[in-house]
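Student: I'd like to learn how to read a fold, a helix face and a charged patch. Can we go through them together?
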Amino acid sequence: MKKRAAQIFIDMGFIIGIIFSLSVCVHAGPPENLGGWGIDAPYNQLYDASERDKIRGYVRDIKEVSPMPGMSPGVALVLDESENEQTLVHICPVWYMDQKSLGLRKGDKLKIKGVWAEINGEDIFMAAKIKRGDFFVLKVRLTKDGMPFWVMPPDQLAREKAATE
């Protein structure tokens, strides 16, 4: 029982740290043209919310990617779904949240909601919501329509963040 209480205390401290980090990172601000990450940009047009899916697995790696030619870098992770199956999961632009601010690390067991897309002949998964355990949730898009958090007006973004806490 003491071990469980200690783990909950540690997890809660970690979550508070993540929330603080997110509030600092998100306010760094996007580049003027959103670096190809805008709501009407070709990349975001690939997100079809009617095709929602979920995947599970363990984080193998967290890295920077350029999703499409000419786009500013994004944060992605490589998810081991099984022994032979790895999936590249796109999360968000680096200017919105960098690798260290995600609150994820190699070996984490995750459940991810999002959609599949094909870019340059490769299947990738575009994340909307990432869940680790019972207490950690990272949302980067609205699940219902795929609107990216990084393009939301500040008041809407504040409401969405409050809803996940």
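Tutor: Sure, let's start with the fold. The chain has 3 helices and 6 strands, taken as DSSP runs (helices H or I, at least four residues; strands E, at least two) and numbered from the N terminus. This is a predicted model, where local features need pLDDT of at least 70 and side-chain atom pairs pLDDT 80 or more, while totals for chains, interfaces and linings use all residues. Residues are numbered from 1 along each chain as its sequence is written, and side-chain values use heavy atoms, without hydrogens and water.

Student: In what order do the elements run from the N terminus on?

Tutor: The order is α-α-β-β-β-β-β-β-α.

Student: Which residues of α3 are buried?

Tutor: Buried means under 20% relative accessible area, exposed over 50%, partly exposed in between (1.4 Å probe, protein chains only). In α3, residues 154-164, that gives Gln-156, Leu-157 and Glu-160. Down the axis of α3 they fall within an arc of 100°, so they line one face; the arc uses directions from the helix axis to the C-beta atoms. Pro-154 and Arg-159 are exposed on the face turned away from that buried side. Chain-wide, 42% of the 165 residues are buried.

Student: And which residues form the positive surface patch?

Tutor: Patch residues have over 30% relative accessible area and no salt bridge (Lys or Arg side-chain nitrogen within 4 Å of an Asp or Glu carboxyl oxygen), with like charges joined within 9 Å. Here they are Arg-52, Lys-54, Arg-56, Lys-109, Lys-111, Lys-113 and Lys-131. β4 gives the largest share, 3 residues. Lys-113, in β4, counts as partly exposed because its relative accessibility is 36%.

Note on methods:
Patch = residues over 30% accessible without salt bridge, like charges linked within 9 Å, V, L, I, M, F, W, Y side chains within 5 Å. Areas by Shrake-Rupley, 256 points an atom, 1.4 Å probe, with all protein chains shown as cover. Lys, Arg positive; Asp, Glu negative; His and termini not counted. Charge placed at Lys NZ, Arg CZ, Asp CG, Glu CD.
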